[in-house]
Amino acid sequence: MALLDSIDALLLDLDGTVWEGGNAVAHAPETISGVSVPVVYITNNAFRPPPEVVERLAGIGIDASPDDVLTSAQAAVALAGESLGAGEKILVLGSDSFRDLARRAGFEVVSSASDSPRAVLHGHSPETGWRELSEAALAIADGATYIASNLDTTLPTERGLLVGNGSMVAAVTSATGVRPRAAGKPEPAMFLQAAAQVGAKRPLAVGDRLDTDIAGAVSAGIPVLHVLTGVSGPLALLSAPKEQRPTFVGENLSALHEEPGALAPGPQGGFTARVDAGDIILSRGDEAATPIQALRTALEVAWHMPEPPRLVRPDSEAAERACAEWW
């Protein structure tokens with residue numbers, strides 16, 4: 001039975017999982033188009049509103065509706081609503097759509113600390129600069145609650161990793177000493193909200209980043225597939241702390257068609273792994289064995305070690321070939 005046949009909803013990350021810089025990740029469109037269970041796109045990117053996300057999905061051949069999208073901007077506005085009432089002033093750093101969300105929620109959106117906002121909502125926008133960050137810092141120093149849509153330090157694109165919202169948040173934190181509450185991943189709220197939205201009892205999350213996608217799903221108690229198409233690669237997996245360890249590991253979204261047992265860390269492909277003085281010795285391996293089978297074999301051992309392995313040392317030709325593909 002395929003992993004896809006054991007679940008009743010897919011909670012998909014976007015950047016690095018479905019697309020990268022607007023271009024489809026390999027095997028993503030055809031895999032998603034063939035899914036019969038509900039799909040919710042959970043994105044930490046607060047810059048694009050759901051209709052724009054849907055338009056971009058259509059551009060790579062994936063049909064969706066705005067109701068299928070849950071952004072960290074939506075989560076941040078909901079978080080602000082837990083402690084602030086309608087008509088309260090808030091300062092929003094981010095896109096126009098983020099400000100519109102706040103207005104539709106009943107808040108008065110301001111742009112200056114001189115307006116005495118009760119909260120600062122901080123989401124990603126390429127237009128955010130020193131002036132906006134300084135207004136946020138002044139408002140927070142004056143007692144405004146600080147809420148970040150997400151804390152991703154980087155944003156994957158076709159050109160590489162760009163500065164993410166978490167890096168901009170770090171500047172405000174450095175100036176004020178105040179760390180924000182984060183509405184998006186790795187907090188569990190978005191995962192739980194998405195699952196409830198479609199009435200899922202057996203959801204599966206999928207993502208490419210250990211410290212947000214995977215950590216958030218683990219925190220929510222939802223099984224998660226890590227795909228090697230984005231930020232976190234094999235070396236990050238080998239040293240991942242317990243709260244960032246995925247249930248399954250696949251090369252890309254087509255792994256949904258594989259058996260759960262084959263995707264879980266453990267011996268496979270004829271490989272064996274053991275610990276030697278803080279290193280992992282990876283041995284044997286069938287002639288047709290793949291690098292990801294070697295990785296899953298090593299991961300089971302690495303995740304039982306008290307400290308991350310110093311090295312993974314190949315001890316066979318098959319292991320050498322596999323390890324060479326990790327770097």
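Which strand holds Asp-279? I looked there first and found Asp-279 in strand β17, residues 279–284. For strands and helices I used DSSP runs, numbered from the N terminus: E over at least two residues for a strand, H or I over at least four for a helix.

**Ground rules**

I am working from a predicted model, where local features need pLDDT of at least 70, side-chain atom pairs count only at pLDDT 80 or more, and totals for chains, interfaces and linings use all residues. Residues are numbered from 1 along each chain as its sequence is written, and side-chain values use heavy atoms, with hydrogens and water left out.

**Entry 1: the whole protein**

I noted twelve helices and 18 strands. The C-alpha trace spans about 65 × 45 × 35 Å along its principal axes. The radius of gyration is 21 Å, which agrees with the value near 20 Å for a compact globule of 327 residues. That radius is taken over C-alpha atoms, and the globule rule is 2.2 Å times the number of residues to the power 0.38.

I then checked burial. Of the 327 residues, 52% are buried. Buried means under 20% relative accessible area, exposed means over 50%, and partly exposed lies in between (1.4 Å probe, protein chains only). The accessible surface is about 14,300 Å², and carbon and sulfur atoms hold 49% of it. These areas come from the Shrake-Rupley method with a 1.4 Å probe; for residues, only the protein chains shown count as cover.

Contacts came next, meaning heavy atoms within 4.5 Å. Among contacts with a separation of 6 or more, 69% join residues 24 or more positions apart.

I also looked at charge. The mean positions of the 23 positive and 41 negative charges are 5 Å apart. Lys and Arg count as positive, Asp and Glu as negative; His and the chain ends are not counted. Each charge is placed at NZ of Lys, CZ of Arg, CG of Asp or CD of Glu.

**Entry 2: Asp-279 and strand β17**

Is Asp-279 buried or exposed? Asp-279 counts as buried, because its relative accessibility is 3%. Its side chain makes a polar contact with the side chain of Arg-313, at 3.5 Å. A polar contact is a pair of N or O atoms within 3.5 Å; within protein, one must be able to donate a hydrogen and the other to accept it, and residues adjacent in sequence count only if both atoms are side-chain atoms. Beyond four places in sequence, I found Asp-279 in contact with Arg-274, Arg-310, Leu-311 and Arg-313.

Arg-284 is in β17 too. Arg-284 is exposed, at 59% relative accessible area. Its phi is positive, near 60°. Ala-277 sits in the loop between β16 (271–276) and β17. Its phi is near 55°, also a positive value. Ala-277 counts as exposed, with 59% relative accessibility. I flagged both phi values because most residues other than glycine have a negative phi.

**Entry 3: helix α8**

I moved to α8, residues 210–220. Why call α8 largely enclosed by the rest of the structure? Eight of its eleven residues are buried, so the rest of the structure largely encloses α8. Among the buried ones are Leu-210, Ile-214 and Ala-217. Their cover includes α7 (189–197), β13 (203–207), β14 (224–227) and α9 (234–238). Gly-221 follows α8, with a positive phi near 75°.

Thr-212 counts as buried, at 3% relative accessibility. I listed its contacts beyond four places in sequence: Asn-44, Asp-152, Lys-185 and Pro-186. The peptide bond from Lys-185 to Pro-186 is cis, with omega near 20°. Pro-186 lies in the loop between β12 (181–182) and α7.

**Entry 4: Pro-156 and Ala-200**

Pro-156 is in strand β10, residues 154–157. Its relative accessibility is 8%, so Pro-156 counts as buried. What does Pro-156 touch beyond four places in sequence? I found Asp-15, Gly-16, Glu-20, Gly-21, Leu-161 and Val-231.

Ala-200 is in the loop between α7 and β13. At 12% relative accessibility, Ala-200 is buried. Its contacts beyond four places in sequence are Asp-8, Ala-9 and Ala-195. I also took the C-alpha separation of Ala-200 and Val-37: 9.5 Å, with their positions 163 residues apart along the chain.
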